[in-house]
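Got your viewer open and a selection box ready? Load the model below and follow along, stop by stop.

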Amino acid sequence: EMCIRDGPEGGEMRVLIGGMPFFIRHRTSVEIEAAALVNVESLPDPQSDEERLSPLPDGSFNPAILVTSGSCTHLGCIPVGPAQGDMGDYGGWYCPCHGSHYDTSGRIRKGPAPKNLPVPNYEYVSNAIIRIKL
């Protein structure tokens, strides 16, 4: 279980669970808006931003928190992001191994990666605590 309030707005926490990397991004209102304005049909792996979120205990969504796998879907490298100062061309993550760019929702926008950064199976234990299930 992780307290999601620990991460500053615009930053991310990187965690290893079972040897697998995960990103927990505390998105700004600008990042949330950028993710929502994307024409989903134009994406290589079409998913809306809301489809990439899990509900809070009351059934609503907190778009400020995005949880994704930390492995690039091309060859499994670990993309860089806010903590490393390179969020790629779309404000999300950039994989320096082969040049994949992900947006603020973790969706692939440019480069060889075939799929979005996967959203793990996770749940909100409370509004401030999540549990990632392997």
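The tour goes from the nonpolar cores to the cysteines and then to the salt bridges.

Before you click: this is a predicted model, in which local features need pLDDT of at least 70 and side-chain atom pairs count only at pLDDT 80 or more, while totals for chains, interfaces and linings use all residues. Numbering starts from 1 along each chain as its sequence is written, and side-chain values use heavy atoms, with hydrogens and water left out.

**Stop 1: the cores**

Select Ile24, Val67, Tyr124, Ile130 and Ile132. They belong to the largest nonpolar core, which has 13 residues, and they are the ones that touch the most other members. A nonpolar core here is a set of buried Ala, Val, Leu, Ile, Met, Phe, Trp, Tyr and Cys residues joined through side-chain atoms within 4.5 Å. Buried means under 20% relative accessible area, exposed means over 50%, and partly exposed is in between (1.4 Å probe, protein chains only). In soluble globular proteins, nonpolar side chains tend to be buried together.

Now switch to cartoon. Which elements give two or more residues to this core? Colour strands E2 (12-17), E3 (20-26), E4 (65-69), E8 (121-124) and E9 (129-133) and you have them. Helices (H or I, at least four residues) and strands (E, at least two) are DSSP runs, numbered from the N terminus.

Next, centre on Ile132 and show its contacts (heavy atoms within 4.5 Å). Ignoring neighbours within four places in sequence, you should find Met2, Ile17, Phe22, Val67, Pro120, Asn121 and Tyr122 around Ile132.

A separate core of eleven residues lies apart from this one; pick out Leu53, Cys77, Trp93 and Ala113, which are among its members.

**Stop 2: the cysteines**

Stay on Cys77. The structure has one disulfide, a pair of cysteine sulfur atoms within 2.5 Å. It joins Cys77 to Cys97, S to S 2.3 Å. Look along the S-S bond: at -110°, the link is left-handed. The two partners come from distant parts of the chain, 20 residues apart, with Cys77 in the loop between E4 and strand E5 (91-95) and Cys97 in the loop between E5 and strand E6 (100-103). Cys77 counts as buried because its relative accessibility is 19%, whereas Cys97, at 39%, counts as partly exposed.

Then select Cys72 and Cys95. Why is there no bond from Cys72? Its closest cysteine sulfur, in Cys95, is 3.9 Å away, so it is too far for a bond. Cys95 is in no disulfide either. Turn on the surface and both count as buried: Cys72 has a relative accessible area of 5%, and Cys95 comes in at 2%.

**Stop 3: the salt bridges**

There are eight salt bridges in the structure, each a side-chain nitrogen of Lys or Arg within 4 Å of a carboxyl oxygen of Asp or Glu. Start with Arg27 and Asp49, whose closest N and O atoms are 2.8 Å apart. This pair also links distant parts of the chain: Arg27 is in the loop between E3 and helix H1 (29-36), and Asp49 is in the loop between H1 and E4, 22 residues apart. Buried or exposed? Both Arg27 and Asp49 are buried.

Last, zoom to Asp103. Its salt bridge with Arg107 has closest N and O atoms 2.9 Å apart, and its salt bridge with Arg109 has them 3.2 Å apart. Through these shared partners, Asp103, Arg107 and Arg109 form one network. Check the exposure as you rotate: Arg107 is buried at 0%, Asp103 is buried at 2%, and Arg109 is partly exposed at 27%.
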